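Student: Please select a single part of this model and examine it closely. I should like to see how its residues are placed and what surrounds them, with the rest of the chain as background.

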Amino acid sequence: MPVLSVLAYKIRVAVSGAVGALMFIIPAPGHAAALGGAGADHHQATAVRAPASTLVVRSAGLFSVACTASGACLAGGNYQAAGRQIEPMVAAQSHGRWTRGTPLMLPAGAASQPYAQVNGIACRSAGNCVAVGDYEYGRSRNLQAFIATQAHGRWARAFTPRPPANASSPASAQLEAVTCTRDGSCAAVGSYQDSSGNAQTMVLVKPPAGPWRQATEIASPPNAAANPDAFMTGIACSGPGMCVAVGNYSVSPTQFEAMGAVELRGAWHRATEIAVPRGAIASTFTAITSISCLAAGPCLGAGQYAVSATQSRAMVVTESKGRFGRALAITAMPRGASAHPSSYLLGVSCRPSGVCFAVGGGRNQAGHSVAMYLVRSGGRWRAAFLASPDGATAGRLQLSALSAVSCTNRAHCSAVGYYHDRLGADRAEAASTP
């Protein structure tokens, strides 16, 4: 399988390994004082159930989310029944209520007990969505990318997309993010192993009419290591043939840098390094992990960088007209944050009004990493820890994170993540606006 960047590995362990899910709705900016607190704008979490099974369901996770209207979202992730490996699932919200998760059918060559998950999800309209991810296949149990499509509310069996022409044999690839427009065109990004055994980034596109095309490589920045261990984790488009992808790559075994690539008039350009804020130190955790674009531009990416051996800091970067600026540090931290704050961002979504929401995690006063979200309004970021649901642990096993967020044009936002209960087990929860 491709060699995962340390960032990708940490995300996979923290989010996939925990395989729990949490969803919440962020109050509107006008109620910023109530962010993360109990009050009129706080909504109690409810469970998102895993697919029905004759076996005990040990855990379930939601790692991506796409909303088409207020109270209408689709989330993707995975679940695990006792005695089985992790398998992919999706869960739908209709009229504000979440259905039981639905398992996705993997390609015919999947391993008998695969490790599989949905990493990205996008919808052009309600009931017409695309999910991307990866699964283990064959006796080698290599990771392979998959794409699953939904039409009129029904999911077809997932299929394996064609990797770039220089892919290794047997093939090994992953898809991490996807975006679609109302005309039916889509684009997805991830990574693959080339014929030399190096991990490279790839992009796939689907025209409005017709099947998915063969993936192509996005060249890493000029200063990348011989094996760039490159990984794209986010993609967004401002129009047909005008997309932006973000991720990270290696310049040495102990140092990764953030990168971004742009598609202009249908052609992808070589990725470029994104300059991190001043004061950053060499780290394997540096990345821009997610990006959101407005129809007329610009785009906003979110991620993290290291400021010490034990502290990371959230950062955002703007892309406009094909160019990335220097990333800016987000120093805003919630009430109750550690005296030695640490934060990171895994998801971002912006509304046409220019209000943006970013999600991830931060260190609290007890020294635990817990779910955190931020709201940018009027050029200012406000941060809040997500209020834990009933039954969550506040002891030594406390851990939670938010991994993705989706906002609609009508001031509705949903995010997904996970938390630990009082026994340290993973639990799935959901909440939505009235």
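Tutor: A residue is termed buried when its relative accessible area is under 20%, exposed when that area is over 50%, and partly exposed in between. Ala-404 has a relative accessibility of 12% and therefore counts as buried. The model is a predicted one, and the part chosen here is the region around Ala-404 and the strands that precede it in sequence.

Ala-404 belongs to strand β29, which spans residues 400-407. Setting aside residues up to four places away in sequence, Ala-404 touches Phe-63, Ser-64, Val-65, Gly-347, Val-359, Ser-414, Ala-415 and Val-416. Of these partners, Ser-414, Ala-415 and Val-416 carry numbers that fall within β30 (413-420). Val-359 is likewise a partner of Ala-404, and its number places it in β26, residues 356-363. Gly-417 lies 13 residues from Ala-404 in sequence, with 7.2 Å between the two C-alpha atoms.

From β26 one can follow the chain into β27 (369-377). These two strands pair in the antiparallel sense, and eight bridges join them. Within this pairing, Gly-360 stands opposite Met-372 of β27. The hairpin of β26 and β27 has five residues between its strands, and among them Gly-367 adopts a positive phi near 85°.

β27 has a further antiparallel partner in β28 (residues 380-385), and six bridges connect that pair. Leu-374 has Ala-383 of β28 as its bridge partner. Here the hairpin has two residues between the strands, and Gly-378 in the turn shows a positive phi of about 65°.

β27 also leads to the cavity. A search of the whole structure yields one cavity of 30 Å³ or more, and about 80 Å³ of space lies in the largest cavity. Its lining comprises 14 residues, and those nearest its centre are Ser-388, Pro-389, Ala-392, Ser-400 and Tyr-419. Both β27 and β30 contribute at least two residues each to this lining. Ser-400, one of the residues nearest the centre, is at the start of the range given for β29, the strand that holds Ala-404. Tyr-419, another of those residues, has a number within the range of β30. By residue class, the lining divides into nine nonpolar, five polar and no charged residues.

The background can now be added. The protein comprises one helix and 31 strands, and buried residues make up 58% of its 434 residues. Of the contacts with a separation of 6 or more, 59% are between residues 24 or more positions apart. The contact of Ala-404 with Phe-63 is one that spans such a separation.

A buried residue elsewhere in the chain is Gln-144, which lies in strand β9 (residues 142-151). Its relative accessible area is 8%, so it is classed as buried. Beyond its neighbours within four places in sequence, Gln-144 is in contact with Gly-133, Asp-134, Tyr-135, Tyr-137, Thr-160, Ala-171 and Ala-173. Of these, Ala-173 is at the start of β11 (173-180). The loop between β10 (154-155) and β11 holds Pro-170, and the peptide bond joining Ser-169 to Pro-170 is cis, with omega of about 5°.

The structure holds one salt bridge. It links Glu-87 and Arg-84, whose closest N and O atoms are 2.9 Å apart. Glu-87, with 16% relative accessibility, counts as buried, whereas Arg-84 is partly exposed at 31%.

Positive phi values also occur in residues other than glycine. His-95 has a phi near 55° and sits in the loop between β4 (86-94) and β5 (97-98); its relative accessibility of 78% is the reason it counts as exposed. Arg-265, with a positive phi of about 50°, occupies the loop between β17 (255-264) and β18 (267-268). At 77% relative accessibility, Arg-265 counts as exposed.

To return to the chosen part, Ala-404 is a buried residue of β29, in contact with Val-359 and with Ser-414, Ala-415 and Val-416, while β27 and β30 help to line the cavity.

Notes. Residues numbered from 1 in each chain as written. Predicted model: local features only at pLDDT ≥ 70, side-chain atom pairs only at ≥ 80, totals over all residues. Heavy atoms only, no water. 1 Å grid on protein atoms, 1.4 Å probe; cavity = no way out; pocket = protein on both sides within 12 Å on 5 of 7 lines; lining within 4 Å. Points joined across faces, edges and corners; volume = space filled by probe spheres on them. Helix = DSSP H or I, 4+ residues; strand = E, 2+ residues; numbered from the N terminus. Nonpolar A, V, L, I, M, F, W, Y, C, P; charged D, E, K, R; others polar. Salt bridge = Lys/Arg side-chain N within 4 Å of Asp/Glu carboxyl O. Buried < 20%, exposed > 50% of the residue type's maximum accessible area, 1.4 Å probe, protein only. Contact = heavy atoms within 4.5 Å. Pairing = 2+ DSSP bridges.
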